[in-house]
Amino acid sequence: MGAHCFKGSRSSSRAVTANTAQNDEEDVPYSPRVHPLPSNMGKMTVSDIRHTCAIDTHVRNTLKGVNNLHEIPTREPPLCMMRLHDVAEVENGWLAVVCALVECVAIDEPVGTAVIMLVIDDCSLPNKTAITRIVKLLGVCSKPASKLNAQAGKWRNACTMFGCVADKLAGPNAESLLSQDVIDFLLSCLEPRVNLEVTLHALVAIEKLAKTQSNKRVFEKLSIANQLMRFEQLLTRLDNNFLQQQVGFCAQWLLDNIFVKPGRQFTYEAVLKRQQQQQQSNESEDEAASRAAPPAMLNDDDVSEYLKISADGLTARCDAYSFESVRSTVHVDSGSWYYEVTIITSGIMQVGWASKNSRFNNHEGFGIGDDEFSCAYDGCRQFIWHNAITTRHSHPPWKPGDVVGFLIDIEHEELVFSLNGQTLPPEKQIFTFIKSGFFAAASFMSFQQCIFNFGATPFQYPPSHRAFKPLNEAAAGIAWHEQCILPRHVKQSKMLDELNNIDKDACFICFS
């Protein structure tokens, strides 16, 4: 369950003071149970609001609340988060909350950027004046790499904030967000030698800003595609720099989907070409037989709306505020099967097994492990999730580069999770509700990414205690041409072409 389960449940904290189980820690100097909001808050300065209303403390406690989400007995947000929303109802309050989020969230906090998005997304929309003021308050402008790196956390958070606000705004307000100072700042974040954490979130902010066509044209005139192609090259490096992998992935996704550069080959075209070469290569009979079935992958037609999937269908990333989910293209009904996931980011993801009946509700924070038809491993908060109920596991928190193994033994009704080869006791509860039709599946909180291996490459930690098959071997019958993820504009164009080719006298139900 993601922190986005709070979506839609916002109400005044003055009306929910009975929820003491979710209250801030006792050392909070400003208690929402005792003190109402200042009556003159509309006339207070930003700094006075930040101090009087203990905004910084509420930000820190909101971070704790998201990390301890499993302990919250209701779906109401923690009071600390609701207080931030109430304070943000006035312009200076919104500015105080945003400044605190940008300046207080540490760069090494696994859910930090996700919390920034979560809080800002549920606050009132800023007007043009507030947008202009926040740029000045934070000192946003072109900066050399040395200054960006000296306060990398602040500037990473500022990029996150701009991306979130851009997601909320449309039309003239979105255009006003892209002032010359903001443009100069974001471009300076893309310069060499800048902390890649800052660069990564600058790329995400540019993606969000470019949803407005006039903003997109601004970046196109600045030849942003040339910068992106430089970052795309980071994907070709074979070292374990996971920030580089994230930056390279985001740059490649932008080039494929938003800032298309004439003459550049789309990534999906390279994937299809590689698959064709594999089919046509001089293989032995055994090798040819092993390639008769195409590899399993993540299903672009069975995914919530904002998840990014690589062209080969094996890498997934979420840069939205919602809790995005996906299932694999294949399912299994019997036998013993296995796949692995390499962790690229250490934040909240729930990865495991799900059926077709599992419900994805990204805006309400429901994903894999949050219903009776799915079970998931959460290495950030160290839980097994099933039916929205958590069980603490004994593994340490996962970190970039860790490999999580997922074994299902349908005959013995067991799921076995492992971390770098260290297995947990089997999980059995899902088999009370479902006996077949199991898909590999995962849910992602904001700014999370991982890579799936269904058996196309050797497993790093294959199970040794029982026989199994890689999930790839369940992919027989899927056409090779389906084995890539098309850019959204290419997919839409193909759909329109198919519609235009339908006989006007065809049946409107089956098109025959």
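A residue is taken as buried when its relative accessible area is under 20%. In the predicted model described here, 56% of the 512 residues of the chain count as buried by this criterion. Strand β10, which spans residues 403-409, has seven of its seven residues in this class, so the strand is largely enclosed by the rest of the structure. The burial extends to both faces of β10, with V403, G405, L407 and D409 buried on one side and V404, F406 and I408 buried on the other.

The strands that pair with β10 were examined next. Strand β5, formed by residues 336-343, runs antiparallel to β10 and is joined to it by seven bridges; within this pairing, W337 has I408 of β10 as its bridge partner. Strand β11, formed by residues 414-419, is likewise antiparallel to β10, and six bridges join these two strands, with L419 of β11 serving as the bridge partner of V404. Strands β10 and β11 form a hairpin with four residues between the strands, and in this hairpin E413 adopts a positive phi near 55°.

An open sheet of seven strands is also present, in which the strands follow the order β1-β4-β13-β6-β7-β8-β9 and the pairing is antiparallel. The edges of this sheet are formed by β1 (298-303) and β9 (389-392), each of which pairs on one side only. Averaged over the sheet and with direction ignored, neighbouring strands are turned by 30° against each other. Within the sheet, strand β4 (residues 324-332) and strand β13 (residues 438-444) run antiparallel and are joined by six bridges, and the bridge partner of V326 in β13 is A442.

Strand β4 also contains H331, a residue that counts as partly exposed because its relative accessible area is 36%. The C-alpha atoms of H331 and F438 are 5.1 Å apart in space, although the two residues are separated by 107 residues in sequence. When neighbours within four places in sequence are left aside, the contacts of H331 are with G437, F438, F439 and A474. For the chain as a whole, residues 24 or more positions apart account for 73% of the contacts that have a separation of 6 or more.

The chain has 17 helices in addition to its 15 strands, and the packing of helix α8 was considered against two other helices. Helix α8 (residues 152-168) packs with helix α11 (residues 196-209) at an angle of about 15°, with the axes 8 Å apart, and the two helices are therefore roughly parallel to each other. The crossing of α8 past α11 is left-handed. The contact involves A152, W155, R156, C159, T160, F162, G163, A166 and D167 of α8, which meet E197, V198, H201, A202, A205, K208 and L209 of α11. By class, the residues of this contact comprise nine nonpolar, three polar and four charged.

A second arrangement is found between α8 and helix α4 (residues 91-104), whose axes come within 7 Å and cross at roughly 135°; these helices are therefore oblique to each other. On the α4 side the contact is made by W94, V98, L101, V102 and E103, and on the α8 side by G153, K154, N157, A158, M161 and V165. Seven nonpolar, two polar and two charged residues make up the contact of α4 with α8.

Helix α3, spanning residues 79-87, has nine of its nine residues buried, so this helix is largely enclosed by the rest of the structure. The buried residues of α3 include the charged residues R83 and D86, together with L79, C80, M81, M82, L84, H85 and V87.

Positive phi values were also found in loop residues other than glycine. R193, with phi near 75°, lies in the loop between α10 (180-188) and α11, and at 73% relative accessibility R193 counts as exposed. A388, with phi near 65°, lies in the loop between β8 (383-386) and the edge strand β9, and at 30% relative accessibility A388 counts as partly exposed.

Technical notes:
Residues are numbered from 1 along each chain as its sequence is written. This is a predicted model: local features need pLDDT of at least 70, side-chain atom pairs count only at pLDDT 80 or more; totals for chains, interfaces and linings use all residues. Side-chain values use heavy atoms; hydrogens and water are left out. Two strands pair if DSSP finds at least two bridges between them. Axes are lines fitted to C-alpha atoms, for helices over the stretch in contact, and angles run from 0 to 180 degrees between N-to-C directions. Buried means under 20% relative accessible area, exposed over 50%, partly exposed in between (1.4 Å probe, protein chains only). Angles under 35 degrees count as roughly parallel, over 145 as roughly antiparallel, 65 to 115 as roughly perpendicular and the rest as oblique. A crossing is left-handed if the near helix is turned anticlockwise from the far one by less than a right angle, and right-handed if clockwise. Contact means heavy atoms within 4.5 Å.
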